[in-house]
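Trainee: Please show me the model first; I have some questions about its charged side chains.

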Amino acid sequence: MKPTGTAAILFAAASAWLISGAALAQSSTAEPHANAPNTARPEAAGQGGGAEDRPEVVAPVLRIISVEVLRSSHGTPLDIIRVRGLASTPGWEEAELIPLTRGTPKDGILELVFVARAPAEAMEATGFEPIEAIFPIEASHPYKGINVHSASESVSLSQLPGYAEGKGGGEDCSKCVGKVFVAKGAAMPAGKSAAEVVKEEQLPTVSRVIRHSDGIPSAESNPNRLTIVVSKDGTIATAIWD
């Protein structure tokens, strides 16, 4: 990405992002990012085996690990914003930081959203995947701080250059299959240890639990949503990010 040095350039970038219809896209109902390939994405497994195709989407990355601003004084002075995060699964590509700020903000904070191109299909929960992006701007910028948004949180940095950390990654459900699901407020099953169960409150904020007898009223997709399928005996049969 080429360095951007004026509020006008940031305004243009933000406008292009908003016009693309992909800002904060988290489902297939959103328009694809302007730079994303216009290819199909099959319906998620575990949602009735739908055969309809869906476009690929650019969506916010699940979580932020850290936000860092490095200042370079060699050549043209630059502030380099580096954001490290966790994607819900492997397969997220083309990570970038998109400015949401228009013009010079009154509070002096540059607002960015950390996005990437989501996988082309629902993915088994095998663990979070590290991902990062950088955004260079001329050191003469008018910002006194930055705030970076992910799908589940934002992380602020009020001193430039500087460093800030996000929250922990939480349950990635890579080892959920085969364990007993315990709903919020329910008692622990008799004879089961903590290592043998998955409590609902341990799951990511955006999660969907499908029990054996449940219907599925919607087939909309969200690559940052964890879906678990609970079998008749109460154990988790499937865990996917769909």
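**Salt bridges and burial**

Trainee: What is the relative accessible area of Arg71?
Mentor: Arg71 counts as partly exposed, a class between buried (under 20% relative accessible area) and exposed (over 50%), taken with a 1.4 Å probe and protein chains only. This is a predicted model, in which local features need pLDDT of at least 70, side-chain atom pairs count only at pLDDT 80 or more, and totals for chains, interfaces and linings use all residues. Residues are numbered from 1 along each chain as its sequence is written, and side-chain values use heavy atoms, with hydrogens and water left out. For Arg71 the relative accessible area is 45%.

Trainee: Which residue meets Arg71 in a salt bridge?
Mentor: A salt bridge here is a side-chain nitrogen of Lys or Arg within 4 Å of a carboxyl oxygen of Asp or Glu. The N to O distance in this pair is 2.6 Å. The partner is buried, with a relative accessible area of 1%. The residue is Asp79.

Trainee: How many residues apart in sequence are the parts that Arg82 and Glu132 tie together?
Mentor: Arg82 and Glu132 form a salt bridge, with their closest N and O atoms 3.0 Å apart. Arg82 belongs to strand S5 (residues 78-87) and Glu132 to strand S9 (residues 129-138), so the parts tied together are 50 residues apart.

Trainee: Is Glu132 buried or partly exposed?
Mentor: The relative accessibility of Glu132 is 39%. Its partner Arg82 has 28% and is partly exposed. Glu132 is also partly exposed.

Trainee: Which strand holds Arg117?
Mentor: Glu93 forms a salt bridge with Arg117, the closest N and O atoms being 2.4 Å apart. The two are 24 residues apart, with Glu93 in strand S6 (residues 93-99) and Arg117 in strand S7 (residues 109-117). Strands are DSSP runs of E with at least two residues, helices are runs of H or I with at least four, and both are numbered from the N terminus. Arg117 is in strand S7.

Trainee: Which residues are joined with Arg117 into one network?
Mentor: Glu93 is partly exposed at 41% relative accessibility, whereas Arg117 is buried at 13%. Salt bridges that share partners join Arg117 with Glu93 and Glu94.

Trainee: How many strands does the protein chain have?
Mentor: Of the 242 residues in the chain, 44% are buried. The salt bridges come to six. The secondary structure comprises one helix and 17 strands.
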